[in-house]
Amino acid sequence: MAGIFEKIVAGQIPSHKIYEDELVFAFLDINPLSPGHALVIPKKCYEFLHEVPEETSAAIGRVLPRIAKAVMDATGTKEYNILQNNGSLAHQVVPHVHFHIIPKPNPEQGLGVKWPAASLSPEEGRDLQERIAAALQ
């Protein structure tokens with residue numbers, strides 16, 4: 001069964017489309033955090049970023065900066081966030097990879113972030129570095 005974003009891409013659900021090519025679709029969020037809040041998605045559904053094929057990832061990477069610039073130009077906003085969540089614990093609501101472009105016109109509008117930073121010991125850093133490097137092989 002097609003998800004909400006697949007239905008938007010297919011035109012079964014109306015959207016305010018701002019960009020489309022062979023692999024990528026972008027539209028305004030219907031519940032924006034600020035004016036211009038947009039979503040950039042692969043046309044095909046992948047739940048997690050690491051599942052997206054390289055060709056599609058590259059296509060998103062090529063157009064994401066251009067779409068962000070167009071949103072900032074159109075809204076007159078200079079600062080913004082790019083947000084991409086993977087999995088419900090990471091606050092992903094729609095199980096289809098999507099990048100939020102969220103203009104930050106003032107302290108009240110846009111994305112609010114709490115960042116409970118911890119510290120990384122040299123030993124933990126080396127262990128993680130080695131495990132991640134091995135996983136990349």
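In this predicted model, helix H2 (54-75) lies across S1, S2, S3, S4 and S5, and runs at about 20° to S5.

The sheet beneath discussion here is open and consists of 5 strands in the order S1-S2-S3-S5-S4, with antiparallel pairing. Strand S1 (17-20) and strand S4 (80-83) stand at its edges; each has a single partner strand, so one side of each is left without a neighbour in the sheet. On average, neighbouring strands are turned by 15° against each other, direction ignored. Within the sheet, S3 and S5 run antiparallel and are joined by 3 bridges. Val40 has Phe99 as its bridge partner in S5.

Val40 and Phe99 also belong to the largest nonpolar core, which has 18 residues. Together with Tyr19, Val24, Ile67, Val71 and Ile101, they touch the most other members of this core. The elements that give two or more residues to the core are tabulated below.

| Element | Residue range |
|---|---|
| Strand S2 | 24-28 |
| Strand S3 | 38-42 |
| Helix H2 | 54-75 |
| Strand S5 | 99-103 |

H2 gives the most to this core, with 8 residues. The contacts of Val71, one of the core members named above, can be listed individually: with residues up to four places away in sequence not counted, Val71 touches Ile18, Gly36, Ala38, Ile101 and Pro103. Apart from the largest core lies another core, of 7 residues, among them Phe5, Phe25, Phe27 and Ile41.

Conventions. Residues are numbered from 1 along each chain as its sequence is written. This is a predicted model: local features need pLDDT of at least 70, side-chain atom pairs count only at pLDDT 80 or more; totals for chains, interfaces and linings use all residues. Side-chain values use heavy atoms; hydrogens and water are left out. A nonpolar core is a set of buried Ala, Val, Leu, Ile, Met, Phe, Trp, Tyr and Cys residues joined through side-chain atoms within 4.5 Å. Buried means under 20% relative accessible area, exposed over 50%, partly exposed in between (1.4 Å probe, protein chains only). Helices (H or I, at least four residues) and strands (E, at least two) are DSSP runs, numbered from the N terminus. Contact means heavy atoms within 4.5 Å. Two strands pair if DSSP finds at least two bridges between them. Axes are lines fitted to C-alpha atoms, for helices over the stretch in contact, and angles run from 0 to 180 degrees between N-to-C directions.
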